[in-house]
Amino acid sequence: MARRSSGLSKSLIIKGLQCPKALWLSKNPPNFALPPDPDREATFAAGTEVGILAQQLFPGGVEVPYEGLSFPAQLARTKELIEQGAEIIYEASFSFSAIFVKADILVRDGDGWQLYEVKMGTSVKPVNLDDVAIQHYVMNGCGLKITKSYLVHINTDYIRQGAIDVQQLFHAEEITTKVMSRLQSLPEVVQECRQIMAEHREPTISIGPQCHNPYECDFVPYCWQHIPENSVFDLHGKGIDKFAMYRAGNIKFDELPLDLLSDSQRQQVEATIKQENFINNEKIREFCDDLWYPLCYLDFETTNEPIPPYNGIRPYQQLPFQFSLHIQNHHRAEPEHFEFLAEPGRDPRPQLIEKLLNLIPPDACILTYNQSFEKRVLHLLAEAFPTSAKALLQRTDNIRDLMQPFQQRYTYYWQLAGSYSIKAVLPILAPEFSYAELEISDGQTAQRAYQQLIKLPDEHGREVLKQALLDYCRLDTLAMVVILDKLQELASPNEKV
């Protein structure tokens, strides 16, 4: 196995604090194909955009770029700027004890410097304190005096009106005292990290909560490959310590103490072991009887960005850019399909509202899958556009949730493995329908695709991406049509169609 450099970085130390095994694997990659993580790439790109915008909090600074400069060149340029009397430096680079760090923003403060670390989160987290403490440790080692440390994060109370107001978008929280308390233990932490990397064998560390906290570890697929299907970790719901059961040897479903499980978890285990389904025809009938026609199957796709793209929007607010709608005028009628996809680069809400209200009659029953999401979107639209609020809220009152029969276990199929998502339910009730063949097959990918539309210069590429978005959203509402049809058959098993 090829061994890598023993040099450290801030991210490697953070990884070592989370799990020593992850640190070792980062330097000694396993012979294991790790799946790609497009979500991480999208998060990194968004974080970069936030970091660049935050530089406007202290305009007039000089950047030490990462791209185009070697590490020694970055260090030399930082030193040069400090010696020349630069007041503000972006991405200043330092190395001490073979640990390389870059500081988001440094602001000269007398004979010292204020350190500003920028994050796209909405509060200060413990891992952020470790992050800043490592930078502080390295800069101190380089002879730089840090007078104050700040964590710059997103302020979700900010509502955009006009150009982005960076002073309102960001909140700089002083964390100097908290960082100093962590700084005391850092020499020992660094030494432990070096010892871990010097080991010739992979550390023997069991899976645990550290696999997902504070970050989802890159090596979960590798470290969890011994976990069988239908394990304690496949149980849906809370109320039990799954890792405690795992450590006690209670891993497979047939090894679990049923008396410690919730009713739904016990049902999941017993149904899986016996490969039995559960159907409560009466409850399903009650659900179906609560629906009426015309019946409108509605699904939104939304984006939630840290930097509000349009007026009247908060950071991370759900912004609907697309909907699919199937309308059924009476029982067994062929549903008619309608759709909307916003043109990128303009606020989609006014046009979306107009089209939605024109298509959905005021007295129609609206069927969604996970009604809290669609209701939230409609309430936000009503709040932002008062002239349409009454009509939007009227539709909101008519929403029913197709997820209910599965979430409440009126019907449960053992193949669901405890899930009640539409993507789990559809292939079981209607195997002929599948998301697998779609270019876009989940909401996160749809959100990334819409954001990509804004940046794509190629017209053909945009059209291909638009069609992929439309195909995905259309299947979401078509799936609801199919699922309700199957439920209605279960509600009236003796009815002849």
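Gln-275 is exposed, with 52% relative accessible area, in a model that is predicted. This residue sits in the loop that runs between helix 11 (263-274) and strand 8 (278-279). The phi angle of Gln-275 is near 50°, which is positive although the residue is not a glycine. Arg-332 is another non-glycine residue with positive phi, in this case near 75°. Its loop lies between strand 10 (319-328) and strand 11 (336-341). Arg-332 is partly exposed, at a relative accessible area of 32%.

The backbone also has cis peptide bonds to look at. One joins Asn-213 and Pro-214, with omega at about 5°. Pro-214 belongs to the loop between helix 8 (186-198) and helix 9. A cis bond also runs from Tyr-293 to Pro-294, where omega is near 0°. Pro-294 is placed in the loop between helix 12 (281-289) and strand 9.

From the loop that holds Pro-214, which leads to helix 9, the reader can turn to the cysteines. How many disulfides does the structure hold? The count is zero. Cys-217 and Cys-223 show the reasoning. The sulfur of Cys-217 has its closest cysteine sulfur in Cys-223, at 6.1 Å, and this is too far for a bond because a disulfide needs the two sulfur atoms within 2.5 Å. Seen from the other side, Cys-223 is in no disulfide, and its nearest cysteine sulfur is that of Cys-217, 6.1 Å away. Cys-217 has a relative accessible area of 16%, so it is buried, the cut-off being under 20%. Cys-223 is also buried, at 16% relative accessibility.

Both cysteines appear again at an enclosed space. There are two cavities of 30 Å³ or more, and the largest holds about 110 Å³ of space. Its lining is made of 13 residues, and those nearest the centre are Cys-19, Gln-210, Cys-211, Cys-217 and Cys-223. Helix 2 (20-27) and helix 9 (220-223) are the elements that give two or more residues to this lining. Helix 2 has the largest share, with three residues. By class, the lining of the largest cavity has ten nonpolar residues, two polar ones and one charged one.

The second largest cavity has about 30 Å³ of space. What lines the second largest cavity? The residues are Thr-303, Asn-304, Glu-305, Pro-309, Ile-313, Arg-314, Tyr-316, Gln-317 and Leu-319. Four of these lining residues are nonpolar, three are polar and two are charged.

Next come the open spaces. The second largest pocket contains about 490 Å³. It has 23 lining residues, with Asp-299, Phe-300, Tyr-369, Asn-370 and Phe-373 nearest its centre. At least two lining residues come from each of strand 9 (295-303), helix 14 (371-384), helix 17 (422-429), helix 18 (443-455) and helix 19 (459-491). Which element gives the most to this lining? Strand 9 does, with five residues. The lining of this pocket divides into nine nonpolar, nine polar and five charged residues.

Tyr-369, one of the residues nearest the centre of that pocket, is also part of the largest nonpolar core. This core has 71 residues, and those with the most contacts inside it are Phe-323, Tyr-369, Leu-402, Ile-483, Leu-484 and Leu-487. Helix 19 supplies the largest share of the core, 16 residues. Another core lies apart from this one; it has 62 residues, including Leu-144, Ile-175, Phe-219 and Phe-243.

Phe-323 shows what surrounds a residue of the largest core. Beyond residues up to four places away in sequence, Phe-323 touches Leu-298, Asp-299, Phe-300, Phe-338, Glu-339, Phe-340, Leu-352, Lys-355, Leu-356, Leu-359 and Cys-473. Asp-299 and Phe-300 in this list are also among the residues nearest the centre of the second largest pocket.

Helix 19 also holds Asp-476. Is Asp-476 buried or exposed? Its relative accessible area is 5%, so Asp-476 is buried. Apart from neighbours within four places in sequence, Asp-476 is in contact with Asp-299, Glu-301, Ile-422, Lys-423 and Tyr-435. Asp-299 is thus a contact of Asp-476 as well as a residue touched by Phe-323.

Conventions:
Residues are numbered from 1 along each chain as its sequence is written. This is a predicted model: local features need pLDDT of at least 70, side-chain atom pairs count only at pLDDT 80 or more; totals for chains, interfaces and linings use all residues. Side-chain values use heavy atoms; hydrogens and water are left out. Buried means under 20% relative accessible area, exposed over 50%, partly exposed in between (1.4 Å probe, protein chains only). On a 1 Å grid over the protein atoms alone, a cavity is a set of points where a 1.4 Å probe fits but cannot get out, and a pocket is an open set with protein on both sides within 12 Å along at least five of seven lines; lining residues have an atom within 4 Å of a point. Grid points are joined across faces, edges and corners, and a volume is the space filled by probe spheres set on the points. Helices (H or I, at least four residues) and strands (E, at least two) are DSSP runs, numbered from the N terminus. Ala, Val, Leu, Ile, Met, Phe, Trp, Tyr, Cys and Pro count as nonpolar, Asp, Glu, Lys and Arg as charged, and the others, Gly among them, as polar. A nonpolar core is a set of buried Ala, Val, Leu, Ile, Met, Phe, Trp, Tyr and Cys residues joined through side-chain atoms within 4.5 Å. Contact means heavy atoms within 4.5 Å.
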